[in-house]
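Trainee: I would like to go through the labels used for this model and see how each one is earned.
Mentor: Good. Let us have it in front of us.

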Amino acid sequence: MKRTLIKHVLVSDRIGEEVKIAGWVRTRRDSKGGFSFLEINDGSSFSGLQVVVPGELDNYQSDVLRVTIGSAVAVVGELVESPGAGQAVEVHATSVFVYGYADPDEYPLQKKRIGFEKLREIAHLRPRTNTFGAVARVRNALAYATHKFYQERDFLYLHTPMITASDAEGAGEMFQVTTLDMGALPRADGEIDYTQDFFGKPTFLTVSGQLEAETYALALDRVYTFGPTFRAENSNTRRHLAEFWMIEPEMAFADLDDNSDLAEAYIRFLFQYILDNCVEDLAFFNKWVDEGLLERLESIAGSDFERISYTEAVQALQKADVGFEYPVDWGTDLQSEHERYLTEVAYGKPLIVTDYPADIKAFYMRHNDDGKTVAAMDVLVPGVGEIVGGSQREERHDVLLESIRAKGLPEEHYWWYLDLRRFGTAPHAGFGLGFGRVVQFATGMHNIRDAIPFPRTPNSAEF
RNA sequence: UCCGGGGUAGCUCAAUCGGCAGAGCAGCGGACUGUUAAUCCGUUGGUUGGGAGUUCAAGUCUCCCCCCCGGAGCCA
């Protein structure tokens with residue numbers, strides 16, 4: 001008999017019909033009156049299915065009464081309306097097959113709530129909990145919505161390399177990739193001889209696919225990347241991972257306003273999508289994890305983002321009657337506390353801050369006519385802070401070259417990037433969005449380590 | 001990396017001034033029951049993160065180390 005996912009059973013009108021389901025047991029409750037209740041979840045939906053197992057089954061004593069939380073079972077039975085209060089339908093089993101038991105002395109999950117920190121130590125089992133099942137489904141929905149959003153707008157999904165010899169930002173610690181024997185590094189003139197390394201030169205895990213994405217945007221007009229990126233920073237916060245997924249759209253013939261429009265439309269689309277498609281999971285998060293979640297998601301999906309310039313932001317902060325730990329001066333970067341004040345207190349909604357001082361931003365950002373600022377934009381959201389960083393790119397060859405030199409970057413690494421400005425250059429713009437931070441915001445999960453299946457952080461690469 | 005808070009039973013936590021290491025849940029045994037975080041009775045379960053020191057006596061005080069969490073920096 002063909003198996004049906006529980007999510008489909010729950011919304012079917014197959015009362016009175018025979019169904020087959022399979023999944024993992026959440027609880028078993030026995031009635032000495034001669035039968036047992038099994039709560040079964042297969043991950044297809046937040047809700048599981050209650051199965052009533054009659055004591056008359058051949059393997060009731062031998063198998064069913066041995067079933068405990070975590071066991072994997074298949075059940076065949078009749079779908080009926082449930083007389084109980086907790087569910088609309090249930091299955092009256094005519095057979096129960098146990099694929100695998102889970103020794104309750106050893107199995108670490110229980111009905112009782114377990115702390116997220118403990119669950120990180122058993123990341124291979126935590127998807128079987130309500131919370132992490134829901135996180136996985138919402139994360140999946142956000143990934144699907146991402147592709148849907150860009151595909152519907154004629155963006156081309158681009159695969160950029162994970163191993164790279166260039167440093168996109170000109171800053172930030174990178175993981176080195178090498179096949180050299182670390183215990184016996186080849187040397188030439190006292191330096192490590194990278195001509196003997198796999199690629200013949202030092203290579204690293206990418207921190208961004210942006211520079212490569214620009215090459216395709218300047219040929220195919222609109223592209224986006226969606227893949228893993230890596231930072232070897234010793235960051236120990238609830239918002240940082242050493243390995244995280246990033247989405248980077250890049251558009252040709254576009255300026256900073258087009259960029260802001262895209263970022264706003266994308267973020268609102270994401271949240272509207274999960275509000276429409278993850279109702280049960282979001283209701284769970286709203287009740288148990290973050291009480292204002294639904295209201296916040298609806299508010300962001302439904303309201304226009306505020307847009308201010310960096311200069312205006314600095315003025316607003318200087319006027320604010322708040323004792324900041326860090327002073328606010330034009331020319332220094334906004335601190336976390338400043339960003340939080342702007343998006344959470346001053347405006348109370350997502351905020352796009354544009355036109356930052358050139359000195360504190362990356363070399364590839366387009367210089368404004370004022371000679372001091374660049375066409376950069378950050379999107380700030382309440383609770384998470386900076387969720388998007390982007391810019392219009394410098395398309396003028398001489399200005400870009402000057403910028404590379406001014407930042408002291410190795411010019412020779414950027415020959416192909418500069419070529420884009422020598423041959424058929426065109427204005428273009430794009431941004432990067434940290435996918436984990438979106439999942440964090442969308443679920444209300446406090447720590448980004450709980451928004452990705454297997455988090456990589458300093459000192460932690462288990463599983 | 002810096003600052004702060006932590007690490008005690010499988011899990012969540014308590015332990016007063018340094019004085020016999022405890023509870024709830026889970027597990028196990030039993031009772032009861034269309035149950036649904038079931039309930040009731042009983043019961044098993046400890047290298048108090050690791051090491052050194054002070055003391056008659058250390059979960060508790062001192063030092064070193066490891067790990068976790070929060071905030072900051074860096075950033076997405």
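**Helix packing and the RNA surface**

Mentor: Start with helix α3 (residues 130-152) and helix α5 (residues 256-277). Their axes come within 9 Å and cross at roughly 135°. Keep in mind that this is a predicted model.

Trainee: Why are α3 and α5 called oblique to each other?

Mentor: Set the angle against the classes. The axes cross at roughly 135°. Roughly perpendicular ends at 115, and roughly antiparallel needs over 145. The angle falls in neither class, so α3 and α5 are oblique to each other.

Trainee: Which hand does the crossing of α3 and α5 have?

Mentor: The crossing is right-handed. On the α3 side, the contact is made by V138, A141, L142, Y144, A145, T146, K148, F149, Y150 and E152. From α5 come L262, A265, Y266, F269, L270, Y273 and I274.

Trainee: What is the make-up by class of the contact of α3 with α5?

Mentor: It has 14 nonpolar, one polar and two charged residues. Tyr counts as nonpolar here, so Y144, Y150, Y266 and Y273 go into that class.

Trainee: What makes α5 oblique to α12?

Mentor: Again, the angle. α5 and helix α12 (residues 435-443) pack at about 45°, with their axes 11 Å apart. Roughly parallel needs under 35, and roughly perpendicular starts at 65. An angle of about 45° meets neither, and that makes α5 oblique to α12.

Trainee: Which residues make that contact, and how do they divide by class?

Mentor: L270, F271 and I274 of α5 meet V438, F441 and A442 of α12. They divide into six nonpolar, no polar and no charged. The crossing is right-handed.

Trainee: Now the RNA. How many residues surround strand B, and which are the closest?

Mentor: 53 residues surround RNA strand B, and the closest are E90, K111, T237, R340 and R437. By class, the surface near the strand has 13 nonpolar, 20 polar and 20 charged residues.

Trainee: What makes the pair between R29 and RNA strand B a polar contact?

Mentor: A polar side-chain atom of R29 lies 2.7 Å from a base oxygen of RNA strand B. The cut-off for N or O pairs is 3.5 Å, so the pair counts. R239 also has a polar side-chain atom placed 3.1 Å from a base nitrogen of the strand.

Trainee: Which part of RNA strand B is 2.9 Å from I387?

Mentor: A sugar or linking oxygen, and the atom of I387 is a polar backbone atom. Of the strand's atoms within 4 Å of the protein, 51% belong to sugar or phosphate and the rest to bases.

Notes
Residues numbered from 1 in each chain as written. Chains lettered and ligands numbered in written order. Predicted model: local features only at pLDDT ≥ 70, side-chain atom pairs only at ≥ 80, totals over all residues. Heavy atoms only, no water. Axes fitted to C-alpha atoms, helices over the stretch in contact; angles between N-to-C directions. Helix = DSSP H or I, 4+ residues; strand = E, 2+ residues; numbered from the N terminus. Left-handed = near helix turned anticlockwise from the far one by under 90°. Contact = heavy atoms within 4.5 Å. Near = heavy atom within 4 Å. Polar contact = N/O pair within 3.5 Å; in protein donor to acceptor, adjacent residues only side chain to side chain.
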